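Let's take a stroll through one corner of this protein. Have a look at the picture first, and then we'll go through it piece by piece.

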Amino acid sequence: MKIVRIRTEADEIAYGVAEAEGIALYRGTPFVAWEPTETVIPFDEVHLLAPVFPTKVVGVGRNYVEHAEELGNKLPDDPVIFLKPATAVIGPGAPIVLPSDSSEVHHEAELAVVVGKVSHRVAAEDAASHILGYTAGNDVTARDLQKKDGQWTRAKGFDSFCPLGPAIETELDPAGLRISCEVNGELRQEGSTYDMVFGVAELFAFVSRVMTLLPGDVILTGTPAGVGPIRAGDRVEVIIERIGTLANPVVAGS
Ligand code: ZN
């Protein structure tokens with residue numbers, strides 16, 4: 001199923017499931033007290049939000065060979081992980097705001113893993129049972145600040161730097177999905193999740209060894225080659241096979 005989080009015309013926030021006729025509303029959340037209602041809301045009466053509100057977003061650097069090479073980096077022996085704050089998360093259609101602190105903000109199309117249960121030191125072979133599903137993510141990065149600072153908190157932590165959505169696909173094998181990024185309809189990034197250096201299960205085990213993952217937390221699994229700048233007025237789309245298209249406009253901030 002494709003799980004979405006929506007704001008209704010009555011200004012209520014709820015989870016639902018995308019069906020042919022519209023969004024079937026659910027009670028509770030996909031993590032607790034998850035129960036269908038009779039209500040189906042037509043697509044044009046809902047506003048899609050980020051499909052989860054995580055307590056943390058864990059990013060993984062240099063997880064596709066060609067992308068590591070394009071930034072002049074060697075492949076790591078272990079996953080290189082970093083955090084993006086929950087306040088960076090925005091939903092489909094919400095603007096990516098370019099801070100005036102940076103003159104080089106890049107798109108990074110990524111497969112996003114959504115954690116389904118409390119996960120502490122989960123073995124790779126048990127990872128699948130701890131994952132709710134997968135969505136698309138954009139690990140927006142101020143490349144100039146990333147190089148200048150030497151660590152990545154500022155470069156990857158600005159508000160709006162983590163678009164997620166449009167839906168969480170729960171029945172999906174994460175291996176071998178085509179992932180791409182288009183800016184104003186022009187193809188910028190293209191790859192296959194086959195080309196990840198560390199696969200989803202391995203990443204899940206590695207991260208959950210360090211920090212307990214909570215329901216709704218997100219692991220961004222790295223980006224394929226082709227990262228590049230976005231500018232005010234652009235429209236960025238992250239497209240992942242069987243998940244859908246995450247589209248966001250880009251605006252200038254202060
Ligand atoms: Zn990234």
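## A side chain meets a backbone

Start with Asn138: its side chain reaches the backbone nitrogen of Glu108, at 3.0 Å. Keep in mind that what you're looking at is a predicted model.

So where does Asn138 sit? You'll find Asn138 in strand S12. Asn138 is buried, because its relative accessible area is 2%, and under 20% counts as buried. Leaving out residues up to four places away in sequence, Asn138 touches a whole list of others, including Ile96, His107, Phe161, Pro163 and Leu246. Glu108 is on that list too.

## The zinc ion

Glu108 has another job to show you: which residues coordinate the zinc ion? They are Glu108, Glu110 and Asp139, at 2.0 to 2.1 Å. Along the chain, these donors follow the spacing E-x1-E-x28-D.

Glu108 lies in the loop between strands S10 (105-107) and S11 (109-115), while Asp139 lies in the loop between strands S12 (131-138) and S13 (141-142), so this pair ties together parts that are 31 residues apart in sequence. Buried or exposed? Glu108 and Asp139 are both buried.

## The strands alongside

Two of those strands, S10 and S13, turn up again in an open sheet of three strands, with the order S13-S10-S18 and antiparallel pairing. S13 and S18 (228-229) are the edge strands, each pairing on one side only.

Zoom in on S10 and S13, and you'll see them pair in the antiparallel sense over two bridges. Val105, for instance, has Ala142 in S13 as its bridge partner.

How values were computed
Residues numbered from 1 in each chain as written. Predicted model: local features only at pLDDT ≥ 70, side-chain atom pairs only at ≥ 80, totals over all residues. Heavy atoms only, no water. Donors = N, O, S within 2.8 Å, 3.2 Å for Na, K, Ca; no water. Helix = DSSP H or I, 4+ residues; strand = E, 2+ residues; numbered from the N terminus. Buried < 20%, exposed > 50% of the residue type's maximum accessible area, 1.4 Å probe, protein only. Pairing = 2+ DSSP bridges. Polar contact = N/O pair within 3.5 Å; in protein donor to acceptor, adjacent residues only side chain to side chain. Contact = heavy atoms within 4.5 Å.
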